[in-house]
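Biologist: I'm new to this structure and would love a close look at a single part of it. Could you pick one helix and walk me through how it sits among its neighbours?

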Amino acid sequence: MAAIFYAGDSTVKFNKIDSYPQTGISQAMLLFLKEGVTMRSFAQNGRSTKSFMDEGRLEAIKREIKEGDFLFIQFGHNDEKPDPARHTDPDTTFPENLMCFIRAAREKGAYPVLITPIARRLFDEEGKFLPGSHGPYPEAMKRTGRMAGVPVIDMTAITEHYLSVVGDVASKAYFMWPKDNTHLKPEGAVIMADFLCRELEKLGSPYSDILVSRQGLEENKGLDVS
């Protein structure tokens, strides 16, 4: 069976007990995968496209990924940071780096998928959700996907909508509160992984082929905010 290689940051990382209850999307996604599909999460806290590649993590993926596998590419939280070790420009270096990931997958016959970052849980004093926490980076990723002919799953838009519906108080249960509006608890990671897998299903084969079928299962109404 195929393997998923997941490149990203702390919102994606496969956590261990020492950081519990923080949970990454790659962890929660195991619940949605068919038997035999392997998750190879290379995501690490604080990484941008630049620092991920500078540390040789993309090269490590290239050594293992094979034909028919998938490379999920989810960045943005740290590319926007000002420090030179991580910062990329949304009009130049960010899309250039994304293309490096895309080429790495295609050279091995794997399927690249671009995934925009999940929204930060930000509300004003009146409890109104504040969108746009990642600035131009999600749109830059979508442009890159269109240019390269790569599927893009817009988790930024999906999670912004979700948070605006769920609201300030209730959404705290899904994040590492108090005071952490970025990292997910297990319940939040499962919700985000569910959103991601629903979008993969929409893409059809081969993307839907790695997922457990929902046919005949009762939909979880708590996750349906469409």
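Modeller: Happily; what follows is a walk along one helix, then out to the core and the sheet around it. Please keep in mind that this is a predicted model.

Let's take α8, which runs over residues 186-203. It has 18 residues and reaches 26 Å from its first C-alpha to its last, close to the 26 Å expected at 1.5 Å a residue. Just after α8 comes G204, with a positive phi near 75 degrees.

Now look at what α8 hides. Its buried residues are G188, A189, I191, M192, A193, D194, F195, L196, C197 and L200. These pack against β1, α1, β3, β4, β5 and α6.

That brings us to the largest nonpolar core, which has 37 residues. L196 of α8 is among those with the most contacts inside this core, along with I4, Y6, M29 and F72. Elements giving two or more residues to the core include β1, β3, β4 and α6, but the largest share, eight residues, comes from α8. A second, separate core of 26 residues includes L71, A105, Y137 and M141.

Finally, the strands. They form an open sheet of five, in the order β2-β1-β3-β4-β5, with parallel pairing. β2 and β5 stand at the edges with a single partner strand each, so one side of each has no neighbour in the sheet. β1 and β2 pair in the parallel sense over four bridges, and Y6, which we met in the core, stands opposite S41 in β2.

Technical notes: Residues numbered from 1 in each chain as written. Predicted model: local features only at pLDDT ≥ 70, side-chain atom pairs only at ≥ 80, totals over all residues. Heavy atoms only, no water. Core = buried A, V, L, I, M, F, W, Y, C linked by side-chain atoms within 4.5 Å. Buried < 20%, exposed > 50% of the residue type's maximum accessible area, 1.4 Å probe, protein only. Expected span 1.5 Å × (residues − 1). Contact = heavy atoms within 4.5 Å. Pairing = 2+ DSSP bridges.
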